[in-house]
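Me: I'm new to this structure and would like a close look at one part of it: the place where two chains meet. Please start there, then work outwards into the chains themselves.

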Number of protein chains: 4
Amino acid sequence: MLFTSDNWAGVHPTIMDALNKANSGAMPAYGGDQLTKRVGDRFSELFEHECSVFFVTTGGAANSLALSQFVPPYGGIFCHEISHIQMDEVGTPEMYTGGAKLLTLAGDDGKLTVAALEQALGFYFPETTHHVKPKAVSLTQGTEAGTVYTVADVTALTNVAKQYDLKVHMDGARFSNAVAHLGCAPADITWRAGVDVLSFGATKNGALAAEAIVFFEPAQTKDFAWRHKRSGHVWSKNRFMAAQWDAFLADDLWLKLAGDANAMATRLANGLSQIDGCEVAYVTQINEIFATFPHGVAEALLGSGAQFYDWVYPGDKWQGRLKRFVTSYITTPQEVDMFLLKTKELCTE
Amino acid sequence: MLFTSDNWAGVHPTIMDALNKANSGAMPAYGGDQLTKRVGDRFSELFEHECSVFFVTTGGAANSLALSQFVPPYGGIFCHEISHIQMDEVGTPEMYTGGAKLLTLAGDDGKLTVAALEQALGFYFPETTHHVKPKAVSLTQGTEAGTVYTVADVTALTNVAKQYDLKVHMDGARFSNAVAHLGCAPADITWRAGVDVLSFGATKNGALAAEAIVFFEPAQTKDFAWRHKRSGHVWSKNRFMAAQWDAFLADDLWLKLAGDANAMATRLANGLSQIDGCEVAYVTQINEIFATFPHGVAEALLGSGAQFYDWVYPGDKWQGRLKRFVTSYITTPQEVDMFLLKTKELCTE
Amino acid sequence: MLFTSDNWAGVHPTIMDALNKANSGAMPAYGGDQLTKRVGDRFSELFEHECSVFFVTTGGAANSLALSQFVPPYGGIFCHEISHIQMDEVGTPEMYTGGAKLLTLAGDDGKLTVAALEQALGFYFPETTHHVKPKAVSLTQGTEAGTVYTVADVTALTNVAKQYDLKVHMDGARFSNAVAHLGCAPADITWRAGVDVLSFGATKNGALAAEAIVFFEPAQTKDFAWRHKRSGHVWSKNRFMAAQWDAFLADDLWLKLAGDANAMATRLANGLSQIDGCEVAYVTQINEIFATFPHGVAEALLGSGAQFYDWVYPGDKWQGRLKRFVTSYITTPQEVDMFLLKTKELCTE
Amino acid sequence: MLFTSDNWAGVHPTIMDALNKANSGAMPAYGGDQLTKRVGDRFSELFEHECSVFFVTTGGAANSLALSQFVPPYGGIFCHEISHIQMDEVGTPEMYTGGAKLLTLAGDDGKLTVAALEQALGFYFPETTHHVKPKAVSLTQGTEAGTVYTVADVTALTNVAKQYDLKVHMDGARFSNAVAHLGCAPADITWRAGVDVLSFGATKNGALAAEAIVFFEPAQTKDFAWRHKRSGHVWSKNRFMAAQWDAFLADDLWLKLAGDANAMATRLANGLSQIDGCEVAYVTQINEIFATFPHGVAEALLGSGAQFYDWVYPGDKWQGRLKRFVTSYITTPQEVDMFLLKTKELCTE
C-alpha cells in the first residue's frame, strides 16, 4: 500500500538490462558514443520532428535549464501558483535564469487558463521597464493536481503566448502519464500545439536518473550546449544516460509503464469515490490522486501500513486535509484493493 | 495640479545649496572626505544608535542590496503582494541576492499582517530543501497604498520574524513621510521595533539622488562594503552624496518636507471624500492618495491639465478604476484646491 | 601637489551651473524630460551616428552593464591583465553578466596586442563546451598605464574580433583624455574603428557622477533598458544626469578639460625624465604618469606634502617601486613645477 | 592502445553488481533509504572523522558547489592557472558562487606554491573593496599535470591559507590516484593537513556517475543542503548513487583500481623516457602522463590505432607539442607495451 511517490520505485528491469548491456568496454565520453547518437534519432522519430535533446539528472535541472534558454535575467515566466517550478524547486529556475521572476497565476485543477493568462498580460503589456519583461509560459503536463491539458487546452494557451512573443515550456516530469491518458501522438501535444521546449521525465516512470530537455526548433538552441555543460549536468559516461532512454522509448515501454500507473490511480480514485465520507479532489487523469477522509481515517490508514503524504500548499482550500496518492508501474491492483478495503472498513466503523 | 510622482519635484534649495558648498576644492574620493564622516555621525544621532550607513542612487538598489546581506540565493523573503520590491523593481532583488525568491502575502491597505505571515510560516516550517529557506521579511513604510504601520504593527511582525530567525528589512522610500505621520522617534519605528536594516530614501523628498542603507547592528555588516562596491553604486565623489544627506537631516528638513507633502495629500483626500461619486480607497496617511471617480471624470480632469496616473496591479479589486495622486514638498494648497474645485464641477455636471 | 586621483577634483563650475539651472520646477521623471532628450541628440551629433545612450553613476557599472548586453553567463571576455574590469571592479562584470569569465592577456604598456589576442583565440577556437565561449573583447582607452590606442591599433584588434564574431567594448573612463591626445573625431576611434559599445566617463573629467553607455547599433540594444533598470542605476530625477552631460559636451568642454589634464601630466613626465635617478615607466599620453625614484625620495616627497599613490599589481616588474601620478583639470603648472623642484632637490642631495 | 581519458572506461563490474542489487523493490526517495545512511557512515570511517557528504553527478558540480559554500559572490579563489575549475568547467564555479573570481597562480608541475600564494596575498592584503575579497584556495589532487601534492606540500599551503582566514578546497577528481600514490591515510592528506572540503571523484575510477562533496566540519555546512537541492543535482532515486559509493569504498576497491591505473601510467612513462627523441614532461605520479615525440611520430601512432589527445593550454611552453595519455583500471600492460614497441619502431625508423 505504497502511495508516497513514483520516485520510490526502482529501475524497470528492461532499463536495468540496458544499463548492463551498455557496460561493454570503452566508449567515447561526453556523448561521442553510438548509443547517444541512436537515442537522438529515437527522439526525432518519436516526435516526428527534428529535435535537439540534452540530458540531465533531475526534473528541476531540466525545467530550469530549458527556461534559461528563453528567459533572460530580467524576464518573467508565467506559471501556475502550485507548479513545481514555483513551489518545489527551491529557486532552481531563478538560479539558472540568473534571477528571472516567476509570475504565478491561479487556475482550477492545477491548470493555467487563457482568461488568467490574458488578464495578467493585460497588466504587463504595454511593457515598461518598471516590470519584468514577460518571456515565457510554463505549463505542467500532467499537472501537480493529477490533471491533464487537452490538445485544445494547450493550443489555446500557446496561441495567446505567441501573440505576445512568449516562448512555451512544458514541464513533462509526468509527460508519459499525460500522453498515455490522452492517447495522442507526442507531437500533437507538444510542437504541433505550439510548445517550444519540453522537459521530458523518465525517472518517475522507471528510469534510474534520466530527464531530457527537448527543443523542437534546433535553431533556437544555439549555444545551449554551453548552458548545459556549465550546469555540471553533462555525464562524462553519457552512454549510461542514453541507455536508459534507449530502453525507455523502445517498444513504447514509456507508454506502457505510464498507462499501468494511470490505471492504478483510476482504480484507486473510483474506489474511494464510492466510499461514504471520502472525497476525491480533482478528476484523476494520471498517476496521482488527491482525497479527503473522515476524521481519523487517514491516520488509521497510515497506522495500518499504508504510505502516503499530506498535500498542502499556501492558501489551499482544504487547509491541509488533502492527502496525495501516487501510483507507479510497480503498483499492483492488489495493493490498491487492499487499501480500498481497509478504507471502507475504517469509514464504516 | 501635478500629482504624478514625488520624483517629478526638483532638488530642494537647501540641498542644492549644500551641493554647491561641497564643491570647494579637492577632497579624498570614495568617502574619505570629512563631509562623509560627519554624515555618518548624523545618522547615529538621528537613530540614537550606532549605524552602518551605505549610500546608493536609487531605492531599488537600496532595497536589493540590503536584502542581499541577509538572504542567500536559496532564501525566501516575505513581502506584500503589491510591494515595490515585488512589483516595480524588475527583478533587482533577485539580481542582488543571486536569485532569492519573494514570497508574497496578501493584506489590506498594502500592509502585511501577523495572521498572513504566520500562515505562510506554517507552510515553510518545519523547513525542507524542497522549498526555499525563509530568511527575511520586508515591510514598506509608508506602504504603496499610502498607509503607515504603527509601532505596534511593526513590533508584532518583527516578533514573529524573530521566532523564525528571519531578518527584518524596512523599505523606507517614503520613511520620512511615515515618521512625519507617526510623530515618533526614528528609532522607535526601526531598531527599537525590531527592524534590522532600513532603506532610507531622500530622493522622493527633495534630494537629487540619495538613498541610504542603514544597518543597526554593525556586526551584521561584515563584508557588506564589498557587496556595495560590487554593485557599482559607490560614488567616487562621495562628498556630493554626503552633502545631500547633511542638508536633508539638518534642522529636521526631512521631516518638514515630508510633513508638508503629507498635509497636501490629506487636504486632497478630505476634499475628495466630500464630493459625491468620488471614493478614496485607503486611509491617507502619507503623501499618496488613491481614489475612484464617476465615469468620465478622471479623463476630463486629465484633459483640463491635471496630471496623475492610473493605479493598477494584477488582481486589484478596482479593476483599473483607481487613480493615484502623489504630493510632494512642492505641492501647494492652491493646486489641491483647484483640483478639488474642478472635480466638484465635473461631478455635479 | 595633489596627484592621487582625478576623482578628488570637484565638479567643474560650468557643470555645476548646469545642475543649478536644471533645478527649475517639476519635470517628468525617469528621463521623460526635455533635457534628457536633448542630450541624447548631443551624443548622436558628437559620434556622427545614431546612438543608444544609457546613464549610470560609476564606471564599474557602465563597463559591466555594457558587457552584459553581449556576453552571456557562459561567455568569455578578453581583456588586459591589468584592466580595470579585471583588477579594480571587485567582480562587477561577473555580477552583471551572471558569471562570465574574464580572459586576461598580457601586453606592454597596458595595451592588448593582436598577437596575444590571436594566440588566445587559437586556444578557444574551434570552440568546445569544456571552455567558455568567447563573446567579447574589452579595450581600455586610455589605458591603466596612461597610454592610448591609435586608430590603427583599435582597428587591428577589432578586425580580429569580428573574424571570431566577438563584440568590442571600449572602457572609456578616460576616453576624453584619449581623444584629446589623438586629436581624432570620437567616431574615428569608436564605431568607425569597429567598437560596438563605449563606456564614456565624465566623472573623472569634471562631472559630479556621470557615466554613459553608448551603443552604436541601436538594434543591438533591444531589451537593454530592462538590464539598465534592473541594476538600480536609473536616476528617477534624470534631468540632473542629463544636465551634467549637456554641459560636458557643449562647446567641447570635455576636450578642453581633458587636454588641460593631459598637458599637466606631460609637463610632469618631461620634468621627471630629466632628473637623474627618476625613471618614467610608460610613454605619457593621457593624464597619468608612472615613475620610479631613487631610494627614499618618494617617501620624502610624501613627507613634504605631495600626494600620490603606489602602483602595484600582481607580478608587476617594478615590484612595488612604481608610483602613480594623476592630473586633472584642476592641476596647475605651479604645483607640477613645485613638485619637480622638490624632486630635483631630493635627488641631488 | 586507448589513452584518451579515464572517462571512456565503463563501470567496474563490482559497482555494476551493486547497482543491480540496489534495484530491489521500493525505497524512500531523496536519500531516505538505508543504503544512503550506510554510505554516510563509510565516509566517516574512511576519513576517521565525522563528515557531511553530498552527492552530485559531475566533478564540475562538486567543485563549484563546494566552493559556493565558502566563497560569496564578491570573493576570490586562488587556484592554479591550469586547474580544472579555471580551464575546463566553462564557468561553473562562477555560476554556483554567483560570480566569484578565480585568481590564478603559476606553478611548476601544475602545483600551487607557497611562494606564489604569499606573493598574491601580499597584493590582496590589506584588503580593499576595490579588489575581490580572498576567501578560498583550491588545490587539485592529483593535479592536471599528473603530479601529486605531498602531505607536507598541502600542509604548507593550508598554513598560509589559515593565516589569511581562507578556506581550503581540494579538487579530488583523481583523489584515489593521489592517495594510491602517496600511500597515506585519506585523513592525512585532507582534514589533518588543513583541507576544509574535498570533491571526491569516483566516476573516472570505475563508477557510473558519482562524485561526493565531503565537508570535514559539519558545522560549516549549515544550509548547504539547500544549495545542493537548488543545483538540481540531488537524485530522487539516491540509492543508486549510494550503491556506487558503497561498492567503491568497500574492500579498498577505490585504491586498488587507482593503483592499477597509476601502475600503467608509470609503465608507459618509464618506457617512453627510454626512447630516444621522446620526452616525458612531468614526473608521472598518477594515471596521466604527458610527452613529446619526434616530428611525425605522434601522427603515425594515431594512424596506427593508438588513441590520445593533444594537451594545450594558453601559454604552454611546449606550444602544442605535448600529448596527454590517461590510463584507467581497464588499461592492460599489453596495450602499454604494444604502444611502446610501436613508438620505438617509429622513433628509430
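Reply: Let's start with chains B and C: 100% of the interface residues of chain B are also interface residues in chain C, so the two copies meet through the same surface. Bear in mind as you look around that this is a predicted model.

How many residues does each of the two chains bring to the contact? Chain B gives 40 residues, and chain C gives 40. On the side of chain B that touches chain C, four helices supply two or more residues each: H1 (13–22), H3 (59–70), H5 (92–97) and H10 (224–230) of chain B. Sort the residues on that side of chain B by class and you get 20 nonpolar, 17 polar and three charged. If you turn chain B by 180°, with 0.0 Å of shift along the axis, it lands on chain C with an RMSD of 0.0 Å.

Now swing over to chains D and A. Here 40 residues of chain D are in contact with 40 residues of chain A. Helices H1 (13–22), H3 (59–70), H5 (92–97) and H10 (224–230) of chain D each put at least two residues into the side that touches chain A. That side of chain D is made up of 20 nonpolar, 17 polar and three charged residues. For chains D and A too, 100% of the interface residues of chain D are interface residues in chain A, so these copies meet through the same surface. Chain D can be laid on chain A by a turn of 180° and a shift of 0.0 Å along the axis, with an RMSD of 0.0 Å. The two copies are thus related as by a two-fold rotation axis.

Next, what does one whole chain look like? Chain A has 14 helices and 11 strands. Its radius of gyration is 21 Å, close to the 20 Å that the globule rule gives for 349 residues, so chain A is as compact as a globular protein of that length. Taken along the principal axes, the C-alpha atoms of chain A fill a box of roughly 65 × 60 × 30 Å. Of its 349 residues, 62% count as buried. If you take the contacts in chain A between residues at least 6 apart in sequence, 79% of them join residues at least 24 apart.

To see some of those buried residues, go into chain D and find strand S6 (residues 197–201): five of its five residues are buried. In a regular strand, side chains alternate between the two faces of the sheet. In S6(D), Val197(D), Ser199(D) and Gly201(D) are buried on one side, and Leu198(D) and Phe200(D) are buried on the other. Strand S5 (residues 167–172) of chain D runs parallel to S6(D), joined to it by four bridges. One place to spot this is Met170(D), whose bridge partner in S6(D) is Leu198(D). Strand S7 (residues 211–215) of chain D runs antiparallel to S6(D), and five bridges join them. There, Ser199(D) has Ile213(D) as its bridge partner in S7(D).

Over in chain C, look for helix H8 (residues 175–182). Seven of its eight residues are buried, so H8(C) is largely enclosed by the rest of the structure. Those buried residues include Phe175(C), Asn177(C) and His181(C). The buried residues of H8(C) pack against strand S5 (167–172), helix H9 (186–189), strand S6 (197–201) and H12 of chain C. Just after H8(C) comes Gly183(C), with a positive phi of about 70°.

Follow helix H12 (residues 253–273) of chain C and you reach a sheet: H12 lies across S8, S9 and S11 of chain C, at about 15° to S9(C). This is an open sheet of four strands in chain C, in the order S8-S9-S11-S10, with antiparallel pairing. Strands S8 (279–280) and S10 (309–310) of chain C stand at the edges, each with a single partner strand, so one side of each is left without a neighbour in the sheet. Further in, four bridges join S9 (residues 288–292) of chain C to S11 (residues 323–326) of chain C. Across that pairing, Glu288(C) stands opposite Val326(C) in S11(C).

One last stop is Cys347(B), in helix H14 (residues 333–348) of chain B. Is it buried or partly exposed? Cys347(B) has 16 C-beta neighbours inside 10 Å, so it counts as partly exposed. Leaving out residues up to four places away in sequence, Cys347(B) touches six residues that you can pick out: Ile275(B), Asp276(B), Gly277(B), Cys278(B), Pro294(B) and Val297(B).

Key: Residues are numbered from 1 along each chain as its sequence is written. Chains are lettered from A and ligands numbered from 1 in the order in which they are written. This is a predicted model: local features need pLDDT of at least 70, side-chain atom pairs count only at pLDDT 80 or more; totals for chains, interfaces and linings use all residues. Two residues are in contact if their C-beta atoms, placed from the backbone, lie within 7 Å. Ala, Val, Leu, Ile, Met, Phe, Trp, Tyr, Cys and Pro count as nonpolar, Asp, Glu, Lys and Arg as charged, and the others, Gly among them, as polar. Copies are superposed by least squares on the C-alpha atoms of residues with pLDDT of at least 70 in both. Two strands pair if DSSP finds at least two bridges between them. Axes are lines fitted to C-alpha atoms, for helices over the stretch in contact, and angles run from 0 to 180 degrees between N-to-C directions. A residue is buried if 20 or more other C-beta atoms lie within 10 Å of its own, exposed if 12 or fewer, and partly exposed in between; C-beta atoms are placed from the backbone. The radius of gyration is taken over C-alpha atoms; the globule rule is 2.2 Å times the number of residues to the power 0.38.
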